[in-house]
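Trainee: I have a structure open and some questions about it. Can we go through them one by one?

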Amino acid sequence: MRGDRGVPAQNGGPPRDRTPQGNAPHGGAPGGRTAGPGVPRGRTPESATPPAPAAPPPRVTVAHPRTLAARSSQPPPGSRALVADDLGRQTPLGDVYLRSLIRTQLRLAALVVGALAAVLGLLPVLLATVPSVRDTTLAGVPVPWLVIGVAVHPVILALAWVYQRQARKNEAEFADLVERS
Amino acid sequence: MNTVQPAVAVAVVCVATALFGVYGLRPGRATSDFYVASRAVTPLRNASAIGGEYLSAASFLGIAGLVLAYGADMLWYGVGYTAGYLVLLAFVAAPMRRSGAYTVPDFAEARLQSTRVRQLASVLVVLIGWLYLLPQLQAAGLTLRTVTGAPLWVGPVAVGAVVMTTVASGGMRSVTAVQAFQYWLKLTALAVPVIFLLLAWRADGAPWPDADAPPRFRDTTTVTVHQAVDVRVGDPVRVTVHGRLDGRRLDGERVRVGPGVHAIGAETRVTFPAGSDVPHPVDEAPVDGRDWTRPLSGPEHPGYGTYSLLIATLLGTMGLPHVIVRFYTNPDGPAARRTTWTVLWLLAAFYLLPPLYGALGRLYTPELLMTGRTDATLLLLPDRLLGGGPGAAVLGTLLTAGAFAAFLSTASGLTMSVAGVLGQELERRRARRATGPPGKAADARAEVRATVRRLRLAGVAAAAVPCAASLVVVERPVADVVGLAFAVAASSFCPLLLLGIWWRGLTPQGAAAGLLSGGGAALATVAVTMFGVQPGGWPGALLARPAAWTVPLAFAVMAGVSWLTRRSVPSGTAHALLRLHAPESLDLPRRPGRPTG
């Protein structure tokens with residue numbers, strides 16, 4: 001399903017340097033962002049601040065942009081004011097982003113619930129009309145009872161798992177996209 | 001049956017719940033404490049609490065009773081109750097949490113900026129809540145009578161009193177702790193006895209209902225008929241009667257009952273010999289073992305019934321007032337999803353068990369088909385299968401305690417949410433009247449105290465009305481009535497939530513029209529069936545299981561009227577949707593709007 005949506009998937013997160021005094025170590029790229037080598041997704045150090053040495057070089061926090069965003073109550077200067085601001089003020093551009101997120105999430109929800117509806121919609125007919133299923137017993141219990149009473153539940157749980165994972169991913173990608181553009 | 005132990009168990013569960021509620025944790029002080037436990041409950045505890053609240057008398061007693069009576073088709077109840085949470089997870093859980101409102105009426109107002117829709121939603125919350133509370137209280141009455149012989153009114157009054165105490169004293173914070181505990185009590189209460197019952201069933205030769213015969217008494221069985229009933233007897237049978245039969249007073253005589261309809265008077269004991277057919281009430285045809293075992297082979301349009309039931313449970317879950325309010329106790333949208341995912345596990349584990357009791361009940365407590373009180377099967381099984389003795393008494397006591405946990409937890413959750421909505425409406429009415437300048441700090445504190453007092457008052461009202469109604473309204477199988485509550489929720493709040501969360505085009509007029517037509521139609525069928533009108537054939541099926549036609553009706557009207565009035569889409573729609581869908585991690589510069597806390 002990845003890449004099959006309005007929000008483009010991104011592979012590596014460039015680390016964003018954040019300097020309290022505003023002097024970026026890489027020569028001050030606009031907005032304090034640098035195009036460094038990609039950090040593997042999801043494996044960001046909690047805080048990379050070394051124990052304070054005697055002579056203070058400018059302190060740099062290296063972390064995933066999302067982690068930073070979650071930690072900071074104030075938006076970092078520059079970048080995030082762009083699309084996030086568009087979203088917040090509902091400009092036409094922000095609206096396009098919002099629509100794409102809603103469409104992606106709705107498609108996912110409809111897919112999962114559609115699968116559920118297909119299973120639950122076909123099972124009653126199947127169990128009632130196919131004689132080999134209807135009249136078989138397994139360990140003294142009729143098969144339809146085992147199917148409705150037991151086997152449907154793992155299907156529901158599996159669908160829920162798929163949904164949970166994918167929905168979180170969609171939101172994370174949306175957040176990345178917004179913070180980065 | 002020993003009556004002392006179950007009575008003590010009931011008393012312990014009731015008193016413990018009440019004490020927990022009143023003293024267990026800090027009593028709620030602010031309005032937000034009262035409603036939603038200050039939104040600081042962990043996913044597992046929250047999920048246990050949701051499970052505890054959701055697994056009502058219908059799940060604990062009702063499914064087993066319906067399986068006993070109607071067989072395989074009733075297994076779909078457990079599936080529907082669980083799958084409803086998947087639909088909720090997919091469409092509603094995270095956006096609902098992000099909406100930042102306390103109740104469905106709050107959501108309606110924030111999304112549509114309309115007081116009218118809000119009031120309409122409030123009325124529906126109260127009606128659905130009461131409809132759901134009613135069978136809980138009646139089941140409490142039935143349970144107490146079955147295990148202790150107490151009069152029917154004792155159960156509803158006991159449950160009502162405990163719930164009012166709990167709700168009025170602490171609000172949601174204490175309710176959360178109590179309900180998390182009660183989920184595990186309910187699961188244990190079903191899981192432990194069933195092991196012993198299945199062992200006893202295997203020792204008995206692992207029988208299954210005879211394919212070609214109607215239900216039969218396995219042993220010599222004495223049936224106590226509390227309410228007068230007309231039964232149809234097939235083969236002639238010799239019975240011993242204490243009480244009234246066909247208008248004749250009998251006192252322990254053996255009489256031959258011929259084929260045909262016979263009237264059994266109230267409070268009559270009839271003893272049937274082993275192997276005789278169970279007489280059924282005149283309006284219930286006996287179902288033989290084959291039809292009972294096979295899906296879709298019941299008498300009245302079983303296919304329609306099954307699908308309508310699935311629609312009601314899948315789509316109704318999201319609209320239940322006590323389910324929705326729980327999502328505000330999650331800290332954020334992803335936590336709401338995690339909670340729902342945990343709830344699905346807890347529910348799936350639980351719903352494996354009731355069908356086992358139903359099948360065993362068909363074999364060992366078939367006399368309930370004659371009295372119509374099939375909901376009691378679970379409570380009678382230990383005694384019947386294990387033949388008296390201290391073991392059976394302990395298991396029966398455990399089941400009784402679990403049943404009371406079910407009544408109390410669901411009833412307090414429902415009362416809480418109904419009280420919340422009633423209280424808010426009262427508050428708004430008062431606020432509209434008093435249009436003075438905003439008060440100072442001291443006034444504000446007094447204001448909060450007054451608010452909590454109003455909410456407590458609303459809690460008492462929320463429980464007292466169904467309590468009174470449960471003593472008057474005709475008793476029907478618990479799961480049936482709860483199914484109707486699901487149908488009303490599915491035909492009113494489900495379209496409101498789905499369209500409100502996912503569609504920009506929803507207008508206040510459309511929402512109101514949809515709520516009125518769908519909810520109104522479903523409530524009308526409920527009223528008709530509750531007052532005992534039961535036509536046969538298609539009209540009967542459409543009235544008893546309305547969801548299959550009321551839900552599409554509600555969606556069509558809501559979307560259609562919204563489209564016709566598309567000029568009045570509220571101006572804040574885009575902002576409302578942004579708030580529902582944007583991940584919290586973005587920390588967007590939001591426009592000043594309704595406060596989130």
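Mentor: Yes; this is a predicted model, and we will take pockets, salt bridges, cysteines, chain A and one tryptophan in turn.

Trainee: Which helix gives the most to the lining of the second largest pocket?

Mentor: Several elements of chain B each supply at least two lining residues. They are H8 (115–148), E1 (221–225), H15 (354–364), H16 (368–371) and H17 (377–386). With five residues, the top contributor is H8(B).

Trainee: How much space lies in that second largest pocket?

Mentor: Start with its wall: 29 residues line the pocket. Nearest the centre lie Thr222(B), Thr224(B), Glu367(B), Leu380(B) and Arg384(B). The space in the pocket is about 640 Å³.

Trainee: How many residues of that lining are charged?

Mentor: Domain 1 (4–201 + 294–432 + 447–579) and domain 2 (221–286) of chain B each give at least three residues to the lining. By residue type, the lining has 11 nonpolar and 10 polar members. The charged ones number eight.

Trainee: Now salt bridges. How many residues apart are Arg428(B) and Glu109(B)?

Mentor: Their side chains meet in a salt bridge, N to O at 3.0 Å. Arg428(B) is in helix H18 (residues 389–433), and Glu109(B) is in helix H7 (residues 104–112). The pair thus links distant parts of chain B, with a separation of 319 residues.

Trainee: Is Glu109(B) buried or exposed?

Mentor: Compare its partner: Arg428(B) has a relative accessible area of 27%, so it is partly exposed. Glu109(B) has a relative accessibility of 13%. The cut-off for buried is under 20%, so Glu109(B) counts as buried.

Trainee: Which residue forms a salt bridge with Arg118(B)?

Mentor: Arg118(B) sits in helix H8 and its partner in helix H18, 307 residues apart. Both residues are buried. The closest N and O atoms are 3.0 Å apart, and the partner is Glu425(B).

Trainee: Which residues are joined into one network by salt bridges that share partners?

Mentor: Two of the pairs we have just covered feed into it: Arg428(B) with Glu109(B), and Arg118(B) with Glu425(B). Shared partners tie these residues together, along with one further residue, Asp106(B). The full network is Asp106(B), Glu109(B), Arg118(B), Glu425(B) and Arg428(B).

Trainee: How many salt bridges does a search of the whole structure find?

Mentor: One of the salt bridges joins Arg476(B) and Asp480(B), with N and O 3.6 Å apart. Arg476(B) counts as buried because its relative accessibility is 17%. Over all chains, the total is 11.

Trainee: How many disulfides are there over all chains?

Mentor: Look at two cysteines before the count. Cys14(B) is buried because its relative accessibility is 8%, and Cys494(B) is buried at 0%. A disulfide needs two cysteine sulfur atoms within 2.5 Å. By this rule the count is zero.

Trainee: Turning to chain A, what percentage of its residues is buried?

Mentor: Chain A has five helices and four strands. From the N terminus they run β-β-α-α-α-α-β-β-α. Of its 181 residues, the buried share is 39%.

Trainee: Last one. Is Trp563(B) buried or exposed?

Mentor: Trp563(B) is found in helix H23 (residues 547–564). Its C-alpha is 8.1 Å from that of Thr507(B), and the two are 56 residues apart in sequence. With a relative accessible area of 53%, Trp563(B) is exposed.

How values were computed
Residues numbered from 1 in each chain as written. Chains lettered and ligands numbered in written order. Predicted model: local features only at pLDDT ≥ 70, side-chain atom pairs only at ≥ 80, totals over all residues. Heavy atoms only, no water. 1 Å grid on protein atoms, 1.4 Å probe; cavity = no way out; pocket = protein on both sides within 12 Å on 5 of 7 lines; lining within 4 Å. Points joined across faces, edges and corners; volume = space filled by probe spheres on them. Nonpolar A, V, L, I, M, F, W, Y, C, P; charged D, E, K, R; others polar. Domains from an automatic or database assignment. Buried < 20%, exposed > 50% of the residue type's maximum accessible area, 1.4 Å probe, protein only. Salt bridge = Lys/Arg side-chain N within 4 Å of Asp/Glu carboxyl O.
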